[in-house]
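This report covers selected strands, one helix and the nonpolar cores of a single chain. The sequence and the structure are shown first.

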Amino acid sequence: MDRSRHRLQLSFLLLALLLPSCSSQTTPRPSASPSPAPSPSSTPADRLRVRLTGYPRKHNEGRVELFYKGEWGTICDDDFSIQNANVLCRQLGFVAATGWTHSAKYGKGLGKVWLDNVNCNGGEKSIEHCRSRGWGNSDCTHDEDAGVVCKDERIPGFVDSNVIDAQVDEHKIEEVRLRPVVNMAKKKRPITEGVVEVRYKDGWAQVCDVGWTIKNTRVVCGMLGFPHERKVNKNFYKPTPKPKVNSKLGIPGKRLYLERQKSYYHVHTVACTGTEVHLAACPFEFNKPNATFTCGGSAAVVSCMPGPLFMQNSGLKKKLKTSTNVRLKGGARVGEGRVEVLKGSEWGTVCDDRWNLLSASVVCRELGFGSAKEALTGARMGQGMGPIYMNEVKCAGTEKSIMNCPFKNITSEDCQHMEDAAVRCNVPYLGLENAIRLTGGRTWHEGRVELLLSDANDTESWGLVCGEAWTNREATVACRQLGLGYANQANQETWYWDSSNVTEMVLSGVKCTGSEMSLSQCQHHKTVSCQRAAAKFAAGVICSETASDLILNAPLVQQTVYIEDRPLHMLYCAAEEDCLSKTAAQANWPYGHRRLLRFSSQIHNIGRADFRPKAGRHSWVWHACHGHYHSMDIFTHYDLLNSNGTKVAEGHKASFCLEDTDCQEGVSKRYECANFGDQGITVGCWDLYRHDIDCQWIDITDVKPGNYILQIVINPNLEVAESDFSNNAMRCNCKYDGYRIWLHNCHTGDAFSDEAEKKFEKYPGQTNNQIL
């Protein structure tokens with residue numbers, strides 16, 4: 001047998017040597033492709049999906065699973081290599097692999113083993129282009145599932161994020177809803193009580209309530225965005241005897257919803273523990289078509305308690321309080337963000353080691369949302385700047401606060417802010433996106449804002465928003481309501497997006513804080529008052545999935561502060577750029593001096609998109625005095641405030657030039673001002689303005705000795721959109737004795753607790769450079 005196989009191999013070898021010469025003289029014929037891999041995907045929608053799963057793991061490691069022909073499956077570890085791992089890691093958005101695992105280190109997968117004997121050279125764009133035995137052709141069991149460990153560095157511009165999500169079986173239960181039984185309740189949002197229904201085929205089916213427990217209710221409420229469950233008045237839902245038919249009219253009397261329904265119980269014997277994040281994760285049975293099962297009860301009914309944000313229209317008297325020791329930062333949508341906890345009087349972050357859905361769900365419920373939809377790792381909602389308080393959080397899922405969960409304290413070697421944990425929580429459906437739309441834009445995430453409002457007669461027509469005083473704060477709320485992420489740009493004129501027949505202004509004077517869920521929650525005129533009421537002056541937005549986030553290095557300001565008496569003859573250039581106080585104009589130039597409070601400022605971009613000037617380079621202003629272009633009129637405000645909040649001295653910095661002075665490890669600089677280069681600050685980089693450059697000061701020549709507050713505000717006019725404006729201000733206690741100056745307690749505006757901030761200020765602070 002071996003000899004005949006050897007002869008056959010020699011024959012194939014000779015044939016292979018002869019084929020090239022023959023093919024050069026004949027027309028090539030179509031040939032069958034080799035078995036290793038299918039043809040490359042033709043469109044992004046057809047692209048092979050890859051995910052990392054298993055436990056315990058971090059976001060950059062796990063069991064490899066591939067989604068092929070509508071089903072998730074694994075890869076066998078036979079012949080697996082680091083080259084295979086490199087291809088997979090790049091598909092997942094990481095720059096490379098650092099290792100791979102065998103023998104189901106991250107647990108056994110389910111379903112098929114899709115690929116076996118995979119052999120990549122390392123340069124392929126997808127694992128499907130590597131050699132293998134072919135899809136589904138494997139002699140492995142799930143004891144041999146392969147995993148990878150990727151380098152924790154993302155490919156720049158890679159949009160998809162690897163998250164630790166529920167990853168429930170799509171063939172089980174996709175969607176759950178509550179169907180209210182009272183007509184009035186159907187119109188209210190959110191729906192907090194009703195019959196549990198699961199999507200089935202082209203419609204909806206009910207769940208049998210035999211054996212239904214409060215733990216099942218808790219899971220359903222969590223899925224629908226509610227933190228707590230309530231007991232249901234079952235008497236209200238009991239079927240009533242059939243009423244007698246009215247002999248005159250022949251019409252039956254009123255009956256309850258449950259009796260009128262022809263129920264089909266698709267799911268029964270549900271047995272949740274109460275900590276699951278999805279009903280599909282609970283043990284249950286399907287009602288099979290040929291089964292003899294019949295529900296001995298009726299449909300399961302659930303009642304939920306909404307969190308404070310969603311109680312306006314719920315009609316519930318009892319309101320729940322949310323935690324003041326936990327918050328979410330940097331998220332574009334309601335119920336998502338970087339997890340931060342309060343210890344003492346200072347906020348800090350949570351390290352993502354062993355971060356999972358149970359711990360994430362505790363945070364979500366604590367904040368008045370439902371269970372966690374996704375647990376995100378690797379600072380996917382931006383990096384924090386303060387301390388890191390918790391590591392390896394291990395919640396059971398029943399705790400009322402993340403502070404009650406077991407965790408490890410942090411040492412400096414354990415974690416960095418590139419490992420900050422984040423969450424996406426389930427939130428109640430309010431239907432807010434149905435009352436807003438964008439028209440005329442080149443893409444689906446930009447255009448003129450149009451709102452659907454009802455008049456006194458309850459009639460609906462779409463209308464425009466007045467563009468006057470429309471800023472990034474209002475645009476942020478519009479993008480949030482649309483479900484399109486952050487505001488990248490607010491437009492006060494939209495003549496170039498004129499593609500709609502809607503011309504009437506229905507809203508004006510809109511003023512938002514930026515945290516609202518919809519424009520209707522913002523302040524606005526009772527009656528429309530718009531000076532430029534033409535449609536071309538309507539408000540518009542450009543939304544984005546990511547945004548920058550600038551924050552000042554507060555300790556550096558405190559460490560570098562000093563006073564300099566600078567001769568006037570050295571300040572001509574600074575005077576031209578309006579960097580001195582008003583009394584400098586009356587000075588006896590070039591004699592005398594000005595007293596300057598100097599310090600360094602290091603401005604970090606901790607967001608998820610580069611910070612770029614709003615104005616294009618065609619409108620940048622050349623300043624011959626300093627030999628550079630200014631890309632923003634005002635980039636930073638510097639103020640000295642007294643105890644009642646009055647400004648006693650001020651300074652400002654135009655963006656001399658925005659560039660990457662330095663970056664964290666693994667991040668490359670992108671912006672440099674030299675030779676009229678691009679200006680901006682890359683994510684993970686910072687721009688350093690040293691204490692010894694012009695205008696990096698406050699002119700305190702006229703300030704008397706005393707105690708003051710030093711306040712610095714970045715991007716004060718909100719010209720450039722950011723994911724978080726609350727951390728743009730920095731404050732320090734300042735003591736000046738007429739000769740020397742001391743700063744202490746320097747911190748960003750959102751770094752301390754509310755109580756600590758009130759004690760610090762002793763007056764309402766300001767961030768707009770205007771005297772109160």
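## Strand pairs, a buried helix and two cores

Strands S15 (residues 326–329) and S16 (residues 336–343) are paired antiparallel, with four bridges between them. The model is a predicted one. Lys329 has Arg338 in S16 as its bridge partner. The two strands, S15 and S16, make a hairpin in which six residues lie between them. Within that turn, Gly330 has a positive phi of about 80 degrees.

Helix H7 spans residues 357–366, and nine of its 10 residues are buried, so the helix is largely enclosed by the rest of the structure. The buried residues are Leu357, Ser359, Ala360, Ser361, Val362, Val363, Cys364, Arg365 and Glu366. Polar and charged side chains can be named beside nonpolar ones here, including Ser359, Arg365 and Glu366. At the start of H7, Asn356 places a side-chain oxygen within 3.2 Å of the backbone nitrogen of Leu358. Just after the helix, Gly368 adopts a positive phi of about 90 degrees.

The largest nonpolar core contains 42 residues. Leu597, Phe635 and Leu640 have the most contacts inside this core. The elements that each give two or more residues to it are listed below.

| Element | Residues |
|---|---|
| Strand S27 | 550–552 |
| Helix H9 | 554–560 |
| Strand S29 | 593–598 |
| Strand S33 | 636–641 |
| Strand S37 | 697–699 |
| Strand S38 | 706–714 |
| Strand S39 | 729–736 |
| Strand S40 | 741–748 |

A second, separate core has 27 residues, and Val362, Val363, Ala421 and Met517 are among them. Val362 and Val363 are also on the list of buried residues in H7.

What does Leu640 touch, leaving aside its neighbours within four places in sequence? Its contacts are Leu597, Thr646, Lys647, Val648, Ala649, Ile698, Ile700, Val703, Tyr708, Ile709, Leu710 and Cys734. Leu597, one of these contacts, is itself named with Leu640 among the residues with the most contacts inside the largest core.

Strands S29 and S37 also belong to an open sheet of three strands, ordered S28-S29-S37 and paired antiparallel. S28 (562–567) and S37 are the edge strands; each has a single partner strand, so one side of each lacks a neighbour in the sheet. On average, and with direction ignored, neighbouring strands of this sheet are turned by 35 degrees against each other. S29 and S37 run antiparallel and are joined by three bridges. Across this pair, Leu596 stands opposite Asp699 in S37.

How values were computed. Residues numbered from 1 in each chain as written. Predicted model: local features only at pLDDT ≥ 70, side-chain atom pairs only at ≥ 80, totals over all residues. Heavy atoms only, no water. Core = buried A, V, L, I, M, F, W, Y, C linked by side-chain atoms within 4.5 Å. Buried < 20%, exposed > 50% of the residue type's maximum accessible area, 1.4 Å probe, protein only. Contact = heavy atoms within 4.5 Å. Pairing = 2+ DSSP bridges. Axes fitted to C-alpha atoms, helices over the stretch in contact; angles between N-to-C directions. Polar contact = N/O pair within 3.5 Å; in protein donor to acceptor, adjacent residues only side chain to side chain.
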